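Here are a few exercises to work through with the viewer open. Try each one yourself before you read the solution.

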Amino acid sequence: MMRLKALVRVSFMQLVSGFKTPSARRSGKTTSSYGSLAFLGFILLYISVMYSGMFTEALREAGRPELIFLLMSISSAAMLLLLFAFSAGAALFGGRDSEMLLALPVSTFEIMLSKTLALFLENLFACYLLMLPATVIYMTGAGEASLLLLIMVIITTPLLALISSSLTMLVGAAVTWLGSKTKGNKLAANIFYLVFFAAVLYFSFNLNSLLPNLAQQAGALMESPPWYFLPFVLFSRAVFGDFAAFGLLLLGSLAVFALLTCLFGRGYKSITSAMRSAKTRSDFKLSSVRSSSQMTALIRREGQRLYSTPIYLFNTCFGLLILLGLSVYATIERAQLAAFLSEAFGAGSGLSAALVAGGVCLLIGTVCTSSVSLSLERNTLWILKESPLEAEEIFFSKALFNMTLCLPVALISCLSLGLALSLSALEILLCFLLAAAVNAMVSFFGVLINLKFPKLDAYNDVIIVKQSMAAVIPIFGSMFIIGAVTALYLTLLSRFLSFPAFALLCILLLASLSYLAVVLLRTWGRRVLARL
């Protein structure tokens with residue numbers, strides 16, 4: 001039992017250690033893991049309050065507030081699947097400790113059980129943070145404060161965590177297996193990830209259209225649920241004291257979790273071997289070698305890594321995909337878009353320009369390949385450091401690649417959205433210059449963030465791209481700052497400043513911040529790179 005407990009602890013720390021910082025690493029692994037949990041908890045609490053508040057308001061107006069537990073349980077499983085599936089597959093069947101664990105006097109079932117229990121603990125922590133705020137919001141909004149309800153939510157949420165853990169295991173194993181089989185086929189891997197993210201975006205964009213009929217659709221699910229929604233219906237009934245539903249959910253969730261653990265445990269060696277196998281190419285051809293400048297070669301190298309790592313491509317560039325989709329929509333449905341903005345905001349020309357600029361800058365700000373590109377070098381960073389390159393050339397190549405990636409999309413988006421909303425040529429130009437200034441600032445500060453929070457010891461790219469501090473800070477930081485500034489102008493500053501004046505002030509401020517980042521890279525950044 002002590003051996004299993006030690007294995008579970010190690011596996012759990014490995015799952016949540018993606019946000020470790022150098023200072024935390026020096027002070028101890030436990031401290032850094034608690035910091036990771038605190039950061040993850042803050043994000044989950046925000047998501048829970050936002051979604052449960054939105055769902056409860058729509059359901060209360062329809063007179064069915066109790067359906068919040070059905071909707072939040074489904075939403076929680078979907079969110080945890082997106083958060084943990086990619087890293088779970090790598091943690092279950094990969095990692096630097098796989099060979100060491102197989103050499104220890106422990107069975108493969110114990111190894112897999114420790115990993116699945118660690119995954120369950122991670123999901124349990126997340127489920128409590130998602131369901132408890134929803135419970136409080138329901139009890140305050142519906143006026144049904146009940147101690148029995150709170151107790152049932154507390155004892156039933158672990159069963160929801162078992163369900164989400166089983167889903168995460170299945171999807172994570174499938175994604176990891178497909179990734180291992182498409183290592184030599186970049187196009188197939190990118191198509192798979194494109195379909196996956198397109199499905200996520202489709203359901204996200206259609207969420208608002210579901211809200212008016214939310215109570216009716218959720219009520220239909222409660223009365224005659226499809227088999228794949230049955231666990232969530234049982235959960236919703238169990239929290240209100242249906243002990244028969246609680247018993248069925250307990251037996252079913254434990255059976256599925258145990259079955260998956262046994263299946264993966266029995267085939268652990270063969271599964272890990274198959275996922276690590278690689279094909280050798282035999283179609284090499286001699287060809288001439290093209291020469292280019294050092295900066296061009298470095299930027300091209302960044303592009304090749306981005307294209308060859310699908311999780312890196314789609315996790316850092318989802319903002320560009322949304323912008324391109326909005327551009328196509330604005331071109332086709334320009335009349336409807338203009339009518340919607342006019343009705344919603346009473347937008348005049350200046351306010352429409354601010355909305356376009358804010359939307360484009362918000363999405364462009366989430367694209368920051370430079371914040372993880374140094375970490376992705378991992379054990380090959382020494383090659384760059386030993387090359388005849390200045391530290392500034394390494395930093396600037398990573399920032400310039402991010403700008404090269406974003407500026408064409410920003411130009412297309414500003415033109416299409418500006419023409420759809422009948423903006424003037426000056427307003428379209430200012431929108432693009434604002435987006436370019438935001439992109440430059442984010443690109444250079446992304447390198448600084450990566451130097452501050454490097455993750456060179458990650459056992460795969462998923463940890464770096466999805467769970468490292470350097471990956472998360474630019475996305476949420478830029479969204480918060482740009483969203484707040486846009487809202488401030490729309491609600492207050494637009495009364496005193498015209499859009500051109502406001503845009504010019506923002507461009508000057510962003511240019512100053514970019515210059516400050518460049519100065520820091522040439523001084524502090526050079527010293528940090530030498531120590532990495």
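**Exercise 1. How much space lies in the largest cavity?** Then work out what lines it.

Solution. Keep in mind that this is a predicted model.
- Start with the search: over the whole structure, it turns up 1 cavity of 30 Å³ or more.
- Next, the volume: the largest cavity holds about 60 Å³ of space.
- Now list the lining, which includes Asn315, Thr316, Cys368, Val465 and Ile475.
- Map that onto elements: helix H15 (310-316) and helix H24 (469-491) are the ones giving two or more residues to the lining of the largest cavity. H24 supplies the largest share, 3 residues.
- Finally, sort by chemistry: the lining has 6 nonpolar residues, 4 polar ones and no charged ones.

**Exercise 2. Find the span of helix H25 from its first C-alpha to its last, and locate its kink.**

Solution.
- Count first: H25 covers residues 499-531, 33 residues in total.
- At 1.5 Å a residue you'd expect 48 Å, and the helix reaches 45 Å, close to that figure.
- Then look for the bend: H25 has a kink of about 45 degrees, centred on Gly525.
- While you're in this helix, pick out Leu504. Its C-alpha sits 7.7 Å from that of Leu430, though the two are 74 residues apart in sequence.
- Leu504 has a relative accessible area of 47%, so it counts as partly exposed.

**Exercise 3. Is Ser165 buried or exposed?** Find a polar partner for its side chain, too.

Solution.
- Place the residue: Ser165 belongs to helix H7 (residues 147-181).
- Check accessibility: Ser165 counts as buried because its relative accessibility is 0%.
- Look for a partner: a polar atom of the Ser165 side chain lies 2.6 Å from the backbone oxygen of Ala161.
- A bit of helix geometry helps here: an α-helix has 3.6 residues a turn, so residues three or four places apart point the same way.

**Exercise 4. Compare the settings of Arg378 and Ser422, each with a positive phi despite not being a glycine.**

Solution.
- Recall the background: most residues other than glycine have a negative phi.
- Read off the angles: phi is about 45 degrees at Arg378 and about 60 degrees at Ser422.
- Place them: Arg378 is in the loop between helix H19 (373-377) and helix H20 (381-386), while Ser422 is in the loop between helix H21 (391-420) and helix H22 (425-452).
- Check accessibility: Arg378 is partly exposed at 24%, whereas Ser422 is exposed at 58%.

Notes. Residues numbered from 1 in each chain as written. Predicted model: local features only at pLDDT ≥ 70, side-chain atom pairs only at ≥ 80, totals over all residues. Heavy atoms only, no water. 1 Å grid on protein atoms, 1.4 Å probe; cavity = no way out; pocket = protein on both sides within 12 Å on 5 of 7 lines; lining within 4 Å. Points joined across faces, edges and corners; volume = space filled by probe spheres on them. Helix = DSSP H or I, 4+ residues; strand = E, 2+ residues; numbered from the N terminus. Nonpolar A, V, L, I, M, F, W, Y, C, P; charged D, E, K, R; others polar. Expected span 1.5 Å × (residues − 1). Bend = angle between axes of the 7 residues up to and from the residue. Buried < 20%, exposed > 50% of the residue type's maximum accessible area, 1.4 Å probe, protein only. Polar contact = N/O pair within 3.5 Å; in protein donor to acceptor, adjacent residues only side chain to side chain.
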